[in-house]
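Trainee: Before we begin, could we go through this structure step by step?

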Amino acid sequence: MSAQRAAGSLTDCREMKEKNPWHTPVTISITVIGVIAIVALVTVAVLQNKPVPQKYKYGIVLDAGSSHTALYIYKWPAEKDNNTGRVEQEHSCKVKGKGISSYAETPWQAGESLTECMEDAVKQVPTKRHFETPLYLGATAGMRLLHMENSVASDKVFQAVEKSLQKFPFSYQGARMLSGQEEGAFGWVTVNYLDDRLKQGLETTGALDLGGASTQISFVPKNYIISESPSNSVTFRLYGNDYNLYTHSFLCYGKDQVLRLALAHQTKSGPGEIADPCFHPGYSESKNYSVLYDSPCVSDRKPQGAPVTFHHKGEGNFQQCQEVVKNVFNFTSCKYSRCSFNGVFQPPLHGQFGAFSAYYYVMDFLNLTDTSVPLTTVKDKLAKHCATPWNQIIQQHPEIHVKYLAEYCFSGAYILTLLTEGYNFTSESYSSIKFIKKIKGSDAGWTLGYMLNLTNMIPAEAPDSPPLPHAGYVSIVTVIALLIFTLFIIFLCRFRPSSSKQPQIV
Ligand SMILES: Nc1ncnc2c1ncn2[C@@H]1O[C@H](COP(=O)(O)OP(=O)(O)OP(=O)(O)O)[C@@H](O)[C@H]1O
């Protein structure tokens, strides 16, 4: 019995094997080859997508401003075609001392002042990239003013700076003065590039830049009639989109020069003492007249027979300060359909705005960067700050530079007047302003836009991109291969001529 049962079960097993195509040598070979092929395909896909150590290219821009010089190092992925990789700020260095325009008497010192930050840059950029790293210097309003005053002196400063920069192992591309229009336009490019608005063709953000000697406003207006003031318009074609940008730079309307203008206005009443509502009560300094008037922005306003020094005394009255500040603007003449101030055309404001440089430094100190706070509350807070006694201000902020500390009341009043009376922001549109310092780790300012432009890093046309990213492509190929293989196996199982159908020998 048991022998019979054993023989029966052996026959069953053989029949099962014969009926099951998985047990045929051909099917086994196909399955093994198929599995190996899939494992190979997945391995290739994984290896292809494994992060490889990134190689970078670098670029250096020196922002030679009126108050100081700053060095910025940018980097971007080296292997991207057509320079389409994202550019980021890698490092920055603040040059010690004042801006290069202050070395008019001793130009060699302007060159020397850059050495420390340049040596820092040599360490920051990998040695093998030095020779191919472009190095630019752009000078803004301080040098514009020096050039107006004394073009020989400004040339000498540029020569000294050039000589100093050429000593370093980078690819020196020149030192030049930016026009106010370039400064405004490149600031706008920077903000919109960092926000990814240009690549994605999104509505752009306007740029408000407040420097020490000039201030810029740039935005894309709605229904912009360029012909009304062609000198205020800049056209760009970036990533396949056309932009008609309105931009204007007000020379002498940076916060340092406006402070001179405001003081000069107040010295009219009596040159010996200025009782200044824009400075804190208790503030009292003896200042030099020639220093105050040592700028083409105010030199023609110097009173006859002025004493050597004047006594600058704080009163701390925000309302009166606003009146003083308003005096530096001319709102009366306008030959266009509409103007900002000083007879300069400005189309209606449109969209969101990013306000940086001194806009940010001042509003951040005053705790007023939140623009959803009503303008009336902003003014009340500022009025409270201005009325705070000077000794209390110094005690509360021992870590802050005394010069900045003394001027925040004035600067805050100037910023609010410039925005509302100058550019016509209303209590509603004020909330469309965002005070910013950095965007995604890079400083807001003209330098990045300048470098992107000079290195042709933003193409005029949108680069052709494959319909799928690489990882997506590999995944889809793998899935399709698996599908085809499975279908093949199913086909084999179902339609292969079965060995059980062979004539059986009884
Ligand atoms: N922490 C701070 N608090 C207050 N003011 C500051 C601070 N840092 C810089 N500033 C001032 O802000 C102003 C703008 O600085 P920024 O470096 O942007 O101007 P700049 O490049 O020197 O000027 P410009 O662009 O007109 O040539 C200057 O007057 C500077 O002295």
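The turns below deal with a predicted model, taking one helix and then two loop residues.

Trainee: On which side of H10 are Gln319 and Glu323 exposed?
Mentor: Start with the buried residues of helix H10 (residues 318-326), which are Phe318, Cys321, Gln322, Val324 and Val325. They cover an arc of only 160° around the axis, so they sit on the same side of H10. Gln319 and Glu323 are exposed on the other side of H10.

Trainee: Which helices do the buried residues of H10 pack against?
Mentor: The buried residues of H10 include Phe318 and Val325. The packing partners of the buried residues are helix H8 (255-267), helix H12 (375-387) and helix H14 (402-422).

Trainee: Is Asp196 buried or exposed?
Mentor: Asp196 belongs to the loop between helix H7 (180-194) and strand S6 (206-210). Its phi is positive, about 60°, although Asp196 is not a glycine. A residue with 12 or fewer other C-beta atoms within 10 Å counts as exposed. Asp196 has 12 such atoms within 10 Å, and therefore it is exposed.

Trainee: What is the phi of Asn223 near?
Mentor: Asn223 is placed in the loop between strand S7 (214-219) and strand S8 (233-238). It counts as exposed because it has 7 C-beta neighbours inside 10 Å. Asn223 is a residue other than glycine, yet its phi is positive, near 45°.

Terms used
Residues numbered from 1 in each chain as written. Predicted model: local features only at pLDDT ≥ 70, side-chain atom pairs only at ≥ 80, totals over all residues. Helix = DSSP H or I, 4+ residues; strand = E, 2+ residues; numbered from the N terminus. Buried ≥ 20, exposed ≤ 12 C-beta atoms within 10 Å, placed from the backbone. Arc of directions from axis to C-beta. Contact = placed C-beta atoms within 7 Å.
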